[in-house]
Structure formats: structure tokens, C-alpha cells
Amino acid sequence: MGRRPARCYRFQKNKPYIKSRYCRGVPDPKIRIYECGNKKMGVDHFPYVIHLVSDEKEQLTSEALEAARVCANKYMVKYAGKDAFHLRVRCHPFHIIRINKMLSCAGADRLQTGMRHAYGKPMGVSARVAIGQIIMSIRCADKIKHLAREALRRAKFKFPGRQKILESNKWGFTPYDREEYVKGRQEGWIEKSGNIAKYVSSHGPLAKAYGY
């Protein structure tokens with residue numbers, strides 16, 4: 001029996017049902033890589049950031065997340081280059097989806113139970129997303145922002161429901177607006193730390209503040 005289509009598992013009908021010591025034998029999620037591209041590029045080099053945002057309360061299977069990641073990553077690598085962007089998948093599949101398997105061979109009607117004992121076996125995992133939750137983000141230079149927008153537009157077709165593509169006012173994956181980030185870097189109360197930025201407190205020893 002092949003995979004069921006997304007319409008069977010799209011809605012959040014039940015409580016979150018996760019892997020635990022009581023629920024074992026859960027298949028591994030199809031998506032194993034959540035970050036693509038040049039993930040070590042410093043925060044100063046990729047100021048532009050764009051998000052793929054869910055517009056529905058639904059479940060996204062790990063297969064759909066992997067397909068969207070591959071689609072967006074391939075487009076960006078082909079047209080921008082593998083070191084020109086940093087893509088991050090922001091939701092993780094922890095919710096187990098089940099299937100009540102039916103036999104389809106000859107004489108199956110003597111063996112199968114129909115709707116008796118209908119609690120199914122684990123079939124896969126999905127991510128539960130809310131309205132306004134970010135699914136994927138891409139940070140890159142301003143000059144290739146049109147490519148990032150097109151990559152996320154193509155990734156949208158791998159998901160059920162409706163998604164929106166939103167440009168952010170933030171600097172990369174930091175919590176600071178662009179003007180605030182530039183001002184903070186000039187005044188010294190924001191410092192770069194890999195692909196994110198750190199706030200430098202004005203508290204602490206005088207030697208740290210005045211450099212002696």
C-alpha cells in the first residue's frame with residue numbers, strides 16, 4: 001500500500017501524539033537536514049531575509065517538508081550559487097500519524113476486522129503549524145532577493161493549504177530591524193556572533209567598557 005494523500009492527514013483533529021517510551025516503532029522523519037546553503041556565513045553578509053508563512057492551522061508531513069526544502073535549495077543553488085544564501089526549515093515534525101491497515105488480498109474479508117479495534121499503527125510524522133507560523137526562511141544578499149522569493153514560491157506547491165511569502169524588516173536571522181542593527185553595530189552594543197548577533201550589555205567591569 002502506498003502513502004495516503006495529504007488530505008487524509010492535513011487537519012489538526014487530535015491532540016499532539018509524539019514518540020515516547022509508550023509509543024515506539026515510529027518511522028524516522030523523511031527530512032533530516034534543516035539548514036542548507038552557506039550556513040556559516042557571517043551575519044553582516046546576508047542582510048535580506050524572507051519567510052514562507054503558514055496561513056492555515058494544519059499538519060505538514062515530513063515528506064512535504066523534505067520536498068519543499070529540496071525544491072527551494074535546488075533553485076537557489078542553480079541560479080544563485082551554493083554559497084550565496086542560507087535556507088532554514090523552521091518547523092519540525094514530531095506528531096505521529098497513524099494508519100489502520102486493511103488487507104487487500106483474496107479472502108481478506110475473513111481476516112480483517114473492519115472498524116473494530118480501529119486504532120492504527122504509526123505511519124509517519126508531521127509538523128503541526130499555526131496561522132502565522134514561519135515554515136521556511138532564506139537569508140541572502142539584497143541583490144538576489146528576487147531569487148529567494150521565487151524559490152519559496154516554488155516550495156509552496158509542495159504543501160497543502162495556503163501559505164504567504166513575507167519579506168522581513170529584520171537583519172538576517174537576528175531580532176533587530178535593519179536600521180537598529182546598523183546603529184547598534186556602529187555604537188558597539190550589537191556584536192556579530194557567527195550567523196546571529198549578540199547584544200552587548202552596558203553592565204559589567206569598567207575595563208570591559210573602556211578597554212583598559
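A disulfide here is a pair of cysteine sulfur atoms within 2.5 Å. By that rule, this predicted model has zero disulfides.

**The cysteines**

Let's take two of them, cysteine 8 and cysteine 23. Cysteine 8 is in no disulfide, and the nearest cysteine sulfur to its own belongs to cysteine 23, 19 Å away. Turn that around and cysteine 23 is in no disulfide either, with the sulfur of cysteine 8 as its nearest, at 19 Å. Since a pair has to lie within 2.5 Å to count, 19 Å rules cysteine 23 out. Their surroundings are set out below.

| Residue | Relative accessible area | Class |
|---|---|---|
| Cysteine 8 | 38% | partly exposed |
| Cysteine 23 | 8% | buried |
| Serine 62 | 1% | buried |

**Serine 62 and helix H1**

The last row of the table brings us to helix H1, which covers residues 62-79 and includes serine 62. How buried is serine 62? Its relative accessible area is 1%, and buried means under 20%, so serine 62 falls in that class. Leaving aside neighbours within four places in sequence, serine 62 is in contact with Pro29, Lys30, Ile31, Pro93, Val125 and Ser126.

The length of H1 checks out nicely. With 18 residues at 1.5 Å a residue, H1 should span 26 Å, and its end C-alpha atoms are indeed 26 Å apart. Just after the helix, glycine 81 takes a positive phi of about 105°.

Plenty of H1 is tucked away: its buried residues include Ala64, Leu65, Ala68, Cys71, Ala72 and Met76, along with Glu66 and Arg69. What covers the buried residues of H1? Among the elements doing so are strand E1 (35-37), strand E4 (85-89), strand E7 (134-140) and helix H3 (145-156), as well as E3 and E6.

**The sheet beside it**

E3 and E6 belong to an open sheet of three strands, in the order E3-E6-E5 with antiparallel pairing. Strands E3 (58-61) and E5 (95-99) stand at the edges with a single partner strand each, so one side of each has no neighbour in the sheet. On average, neighbouring strands of this sheet are turned by 50° against each other, direction ignored.

Between E3 and strand E6 (residues 121-129), four bridges join the antiparallel pair. Threonine 61 stands opposite serine 126 in E6, and serine 126 is also one of the contacts of serine 62. H1 packs on this sheet, touching E3 and E6, and its direction makes about 65° with that of E3.

Terms used
Residues numbered from 1 in each chain as written. Predicted model: local features only at pLDDT ≥ 70, side-chain atom pairs only at ≥ 80, totals over all residues. Heavy atoms only, no water. Helix = DSSP H or I, 4+ residues; strand = E, 2+ residues; numbered from the N terminus. Buried < 20%, exposed > 50% of the residue type's maximum accessible area, 1.4 Å probe, protein only. Contact = heavy atoms within 4.5 Å. Pairing = 2+ DSSP bridges. Axes fitted to C-alpha atoms, helices over the stretch in contact; angles between N-to-C directions. Expected span 1.5 Å × (residues − 1).
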